Amino acid sequence: MSVFNRDEDDGLSRGARALVALPERSGDNPRSAEARLDEAAGLAAAIGVDVVDKLAFRLRDPKPATLFGSGQVDQIALAARQGEAELIIVDAALTPIQQRNLEKATEAKVIDRTGLILEIFGERAATAEGRLQVELAHLDYQAGRLVRSWTHLERQRGGFGFLGGPGETQIEADRRLIRDRMAKLRRELEQVRRTRGLHRARRQRAPWPVIALVGYTNAGKSTLFNRMTGAKVMAEDLLFATLDPTMRQISLPGLDKAILSDTVGFVSDLPTQLVAAFRATLEEVTGADIILHVRDISHPDSDAQAGDVLAVLGEIGVGPRAPEGHGSGEAGEGAPILEVWNKIDMLDPEARAATEAEAARRDDVAPLSALTGEGVEELRRLVSDRLSTGNRVRTLSVPIADGAALAWLHANGEVIGQEVEGDAMIVEVRLSDKDLARFEAR
């Protein structure tokens with residue numbers, strides 16, 4: 001599955017020296033070239049590749065054969081030789097022909113952004129589900145790249161007997177094997193999706209709200225998750241430190257219990273193969289009562305990163321919306337969304353004051369530092385308030401013998417009054433529509 005070490009003579013592994021080449025096109029990306037190069041280098045570092053040089057090239061007219069112009073290809077080849085780079089990472093999507101031609105021209109191995117991200121995911125996937133998703137994405141990526149394979153793929157396999165015809169070429173056989181394997185993986189992932197759906201349905205019947213963390217990779221989701229739950233999920237200054245979703249119980253003011261879910265981090269230009277493959281994982285967000293969008297507010301491209309996160313959520317059919325009557329989130333069918341402005345401890349005093357002033361003007365934002373814990377209790381209160389928004393006073397009749405139901409109402413609602421009528425307890429309680437549905441589904 002790995003992009004590296006596919007061939008015995010590749011000699012590429014962790015510690016390989018690499019050069020990053022960024023093709024810039026006008027209106028292509030709102031980020032600066034420097035920020036994009038730094039992110040690409042961070043992706044390379046995530047799999048132990050040593051980036052020795054980073055180059056950006058302005059493309060007026062992308063070339064079908066190599067993407068870059070001939071003079072730019074010469075510059076890349078020269079820089080690779082001078083830096084003794086074994087690998088060239090192109091921070092864009094390459095066609096199979098472009099990849100093959102660049103390898104010939106530079107005499108180095110070439111991978112594009114999609115291949116690099118697939119390599120990271122292949123190394124990090126820890127669960128059976130994660131490995132299934134990565135393999136499906138990798139096969140989808142490789143299916144279109146058999147054209148760059150060598151002559152053995154042009155040989156034909158003969159038919160049976162004299163009338164068997166010319167048979168199928170090796171490349172056709174390989175494509176058929178890939179299609180068959182992908183179909184099997186999709187069936188297995190569909191079973192995973194159904195299982196997750198059953199788990200979500202069971203949680204919906206349970207009396208506990210679900211809170212989903214989403215955000216750009218390295219925004220600090222896992223650090224916040226650990227801070228709020230006391231768990232020890234991997235949280236490092238590393239892109240895609242977390243791949244597999246994790247759920248833990250937390251307590252919130254006024255609520256007996258809630259479930260917090262940590263999901264995979266997003267990145268700009270996330271390969272479509274990965275969005276499709278990880279749909280089952282990201283569907284955890286669709287069942288959430290509230291979404292916490294964790295942002296690295298100290299990052300210079302924080303706004304652009306936020307746009308990327310919302311775009312991916314929209315692509316998987318989870319269009320977040322602001323809590324009714326609150327904030328300025330985008331309209332959509334998903335759960336209400338609150339923004340968590342993380343890493344305020346990394347801002348200078350002036351920038352921090354401006355950030356906190358902006359957050360104070362909005363009621364859908366929580367500035368905090370997941371690392372130090374500053375502001376986390378305020379986030380707990382904000383989430384609790386939002387989960388209880390829309391609560392109305394309901395009059396419910398509960399059998400006196402159903403002590404569990406009465407205890408549930410006291411734990412999850414605000415009981416205003418109660419009195420006995422025959423064998424029933426008439427309870428006046430403040431509950432949201434969702435909590436009422438949970439109570440009735442018990």
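This tour moves through the structure one selection at a time, saying at each stop what is there.

**Before selecting anything**

The model is predicted, so local features are described only where pLDDT is at least 70 and side-chain atom pairs only at pLDDT 80 or more, while totals for chains, interfaces and linings use all residues. Residues are numbered from 1 along each chain as its sequence is written, and side-chain values use heavy atoms, with hydrogens and water left out.

**The whole protein**

Start with everything shown and coloured by pLDDT, the predictor's confidence in each residue on a scale from 0 to 100. The protein averages a pLDDT of 79, and 77% of the residues score at least 70. With the cartoon switched on, 14 helices and 15 strands can be followed; these are DSSP runs numbered from the N terminus, helices being H or I runs of at least four residues and strands E runs of at least two. Of the 442 residues, 52% count as buried, where buried means under 20% relative accessible area, exposed means over 50% and partly exposed lies in between, with a 1.4 Å probe and protein chains only.

**Two stretches to treat with caution**

Select residues 148-167 next, and then residues 320-332: pLDDT stays under 50 over the former and likewise under 50 over the latter. The model has 32 contacts beyond four places in sequence for residues 148-167 and 33 for residues 320-332, a contact being heavy atoms within 4.5 Å. Where pLDDT is low, the predicted coordinates should not be read in detail. Among the elements of the protein, strand E5 (residues 156-157) has the lowest mean pLDDT, 43, and strand E12 (residues 365-367) the highest, 96.

**The six-stranded sheet**

Now select the open sheet whose six strands run in the order E8-E9-E7-E10-E11-E12, with mixed pairing; two strands count as paired if DSSP finds at least two bridges between them. At its edges are strand E8 (246-252) and E12, each of which pairs on one side only. The twist averages 25 degrees from one strand to the next.

Within this sheet, go to strand E10 (residues 290-296), where seven of the seven residues are buried. Ile 290, Leu 292, Val 294 and Asp 296 lie on one side, and Ile 291, His 293 and Arg 295 on the other, so that both faces are covered by the definition of buried used here. On one flank, strand E7 (residues 210-215) runs parallel to E10 and is joined to it by five bridges, with Ala 212 having Ile 291 as its bridge partner. E10 also pairs in the parallel sense with strand E11 (residues 337-342), over six bridges, and here His 293 stands opposite Glu 339. Moving on from E11, three bridges pair it in the parallel sense with E12, where Glu 339 stands opposite Val 365.

**Ile 290, close up**

Show the side chain of Ile 290, which lies in strand E10 and is buried, with a relative accessible area of 1%. Not counting residues up to four places away in sequence, Ile 290 touches nine named positions that include Val 210, Ala 212, Leu 338, Val 383 and Leu 387. Pro 336 is 46 residues away from Ile 290 in sequence, yet their C-alpha atoms are 5.1 Å apart in space.

**Helices beside the sheet**

Add helix H10 (302-315), which lies across E7, E10 and E11 and runs at about 145 degrees to E10; such angles are taken between N-to-C directions, from 0 to 180 degrees, using lines fitted to C-alpha atoms, for helices over the stretch in contact. Then select Thr 355 in helix H11 (residues 349-361), a buried residue with a relative accessible area of 13%. Leaving aside neighbours within four places in sequence, Thr 355 is in contact with Ile 297, Trp 341 and Leu 347.

**The nonpolar cores**

A nonpolar core is a set of buried Ala, Val, Leu, Ile, Met, Phe, Trp, Tyr and Cys residues joined through side-chain atoms within 4.5 Å. The largest has 38 residues, and those with the most contacts inside it are Ile 89 and Ile 291. Helix H1 (33-45) and strand E3 (87-90) are among the elements that each supply at least two of its residues, and H1 gives the most, with five. Apart from this core lies another, of 25 residues, among them Leu 213, Ala 258, Leu 368 and Ala 370.

**Last stop: E3 and E4**

Finish at Ile 89, which, leaving aside neighbours within four places in sequence, is in contact with Ala 18, Leu 19, Val 20, Ala 21, Ala 44, Ile 111 and Leu 116. E3 and E4 pair in the parallel sense over four bridges, and the bridge partner of Ile 88 in E4 is Val 110. Both faces of strand E4 (residues 109-112) are covered, with Lys 109 and Ile 111 buried on one side and Val 110 and Asp 112 buried on the other.
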